[in-house]
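Subject: Structure handover and notes

Dear colleague,

I am passing on the structure we spoke about, and my notes on it follow below. Please read them with the model open beside you.

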Amino acid sequence: MMKRTLVAATLAAFVFTSCGENKQETTTAETENLEHHEGMAHGDAMPAEGKVVVDAPDYTSVAGPVKEQITAVVDSYLKLKDNLVASDAAKVQADAKAVVAAAEKVNVSALQGEQKAFAEEKLGEVKQSASKIAEATDLPAQRGQLELLSEATFALTKAFGPTNQKLYYQHCPMAMDNQGAYWLSSNQEIRNPYFGEQMLKCGSTEEVLN
C-alpha cells in the first residue's frame with residue numbers, strides 16, 4: 001500500500017511539473033510574440049510615392065453637399081478609430097452610431113450612374129460594419145468589423161475628395177489572427193486600433209492621400 005502511495009505521489013508531482021513547464025513555455029511564447037510585434041515597422045518610413053492600396057474612381061469633380069456629408073462620415077470614423085486605440089468599447093459603440101447617422105445623411109440623389117452606384121455600395125458597407133460595431137459590447141467583436149469600415153470610408157474619401165486633410169492608410173500584418181488588417185488615420189504616427197496599448201506602435205503606413 002505504501003509503495004502504491006509513493007508511486008501515485010511521484011506521478012502527481014511529474015504531472016504538476018509538466019503542466020508548470022507547459023505554462024511557462026506558453027507564457028514565454030506569448031512574450032516573444034509581443035516582442036515580435038513591437039519590433040516591427042513603426043510607420044516611420046513613408047510608402048513608395050504613388051503606391052495604391054485601395055482603388056477608387058475619380059469623382060472629385062462632383063459638386064454639392066455630398067462632399068461635406070462624406071467629410072462628416074470620415075470625422076466620425078476617426079473618432080471611432082481613436083477610441084479603439086484607447087480600448088474604450090462603450091465610446092466605440094457611441095461613435096459607431098454616429099458613423100451610421102452620418103452615412104445615412106449622405107444624399108446621393110444628385111449623383112448619376114456609376115457615381116451613384118459607387119457611393120451607394122460604399123455607404124452600404126459603412127453602415128453595415130458600423131452597425132455591427134454599435135451592436136457589439138466587446139472590443140474583439142468591434143475590431144473585427146473595423147477593416148471593412150476603414151476600406152469603405154477610405155474609398156469614399158478617395159473617390160469624392162471631400163477633404164484636403166492628409167490621411168494615412170495604415171496596416172498591421174498581425175491583426176485578425178495574423179491575416180493583417182488596415183485602418184485609416186489622420187496621423188502619420190502609428191497608433192494601432194487592433195491592439196491598443198498592447199501593441200500600440202505595431203504597423204506601417206501603406207498609402208497616403210493628399
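A residue is called buried here when its relative accessible area is under 20%, exposed when that area is over 50%, and partly exposed in between. Please keep in mind throughout that this is a predicted model.

Overall layout

The protein chain contains 7 helices and 3 strands, and read from the N terminus its elements follow the order α-α-α-α-α-α-β-α-β-β. Of the 210 residues in the protein chain, 42% are buried. If one takes the contacts between residues at least 6 apart in sequence, 68% of them join residues at least 24 apart.

Salt bridges

Side chains of opposite charge can pair when their charged atoms come close. With a cut-off of 4 Å between a side-chain nitrogen of Lys or Arg and a carboxyl oxygen of Asp or Glu, the count comes to 5 salt bridges.

One of these is formed by Glu151 and Lys122, whose closest N and O atoms are 3.4 Å apart. This pair links distant parts of the chain, since Glu151 belongs to helix 6 (residues 146–160) and Lys122 to helix 4 (residues 113–135), with their positions 29 residues apart in sequence. Glu151 has a relative accessible area of 22% and is therefore partly exposed, whereas Lys122, at 9%, falls under the 20% limit and so counts as buried.

Helix 6 also takes part in a second salt bridge, in which Glu207 meets Lys158 with the closest N and O atoms 2.5 Å apart. Because Glu207 lies in strand 3 (residues 204–209) and Lys158 in helix 6, the pair ties together parts that are 49 residues apart in sequence. Both Glu207 and Lys158 are buried.

A further salt bridge joins the side chains of Arg191 and Glu189, at 2.9 Å from N to O. Arg191 has a relative accessibility of 27% and is therefore partly exposed, and Glu189, at 48%, is likewise placed in the partly exposed class. Elsewhere, salt bridges with shared partners connect Lys122, Glu125 and Glu151 into one network.

The surroundings of Glu147

Glu147 is another residue of helix 6, and with a relative accessible area of 28% it is partly exposed. Leaving aside residues up to four places away in sequence, Glu147 touches Gly180, Ala181, Tyr182 and Tyr194. For Tyr182 there is also a polar approach to note, as its backbone nitrogen lies 3.0 Å from a polar atom of the Glu147 side chain. Glu147 and Met176 are 29 residues apart in sequence, while their C-alpha atoms are 9.6 Å apart in space.

Packing of helix 3 and helix 4

Two packed helices are described by the angle between their axes and the distance between the axes. For helix 3 (residues 89–104) and helix 4, the angle is about 155 degrees and the axes are 8 Å apart. Since angles over 145 degrees count as roughly antiparallel, helix 3 and helix 4 are therefore roughly antiparallel to each other. The crossing of helix 3 past helix 4 is left-handed. Helix 3 contributes Val92, Gln93, Ala96, Lys97, Val99, Val100, Ala103 and Glu104 to this contact, and helix 4 contributes Leu123, Val126, Lys127, Ala130, Ser131, Ile133, Ala134 and Glu135.

With best regards

Definitions and conventions: Residues are numbered from 1 along each chain as its sequence is written. This is a predicted model: local features need pLDDT of at least 70, side-chain atom pairs count only at pLDDT 80 or more; totals for chains, interfaces and linings use all residues. Side-chain values use heavy atoms; hydrogens and water are left out. Helices (H or I, at least four residues) and strands (E, at least two) are DSSP runs, numbered from the N terminus. Buried means under 20% relative accessible area, exposed over 50%, partly exposed in between (1.4 Å probe, protein chains only). Contact means heavy atoms within 4.5 Å. A polar contact is a pair of N or O atoms within 3.5 Å; within protein, one must be able to donate a hydrogen and the other to accept it, and residues adjacent in sequence count only if both atoms are side-chain atoms. Axes are lines fitted to C-alpha atoms, for helices over the stretch in contact, and angles run from 0 to 180 degrees between N-to-C directions. Angles under 35 degrees count as roughly parallel, over 145 as roughly antiparallel, 65 to 115 as roughly perpendicular and the rest as oblique. A crossing is left-handed if the near helix is turned anticlockwise from the far one by less than a right angle, and right-handed if clockwise.
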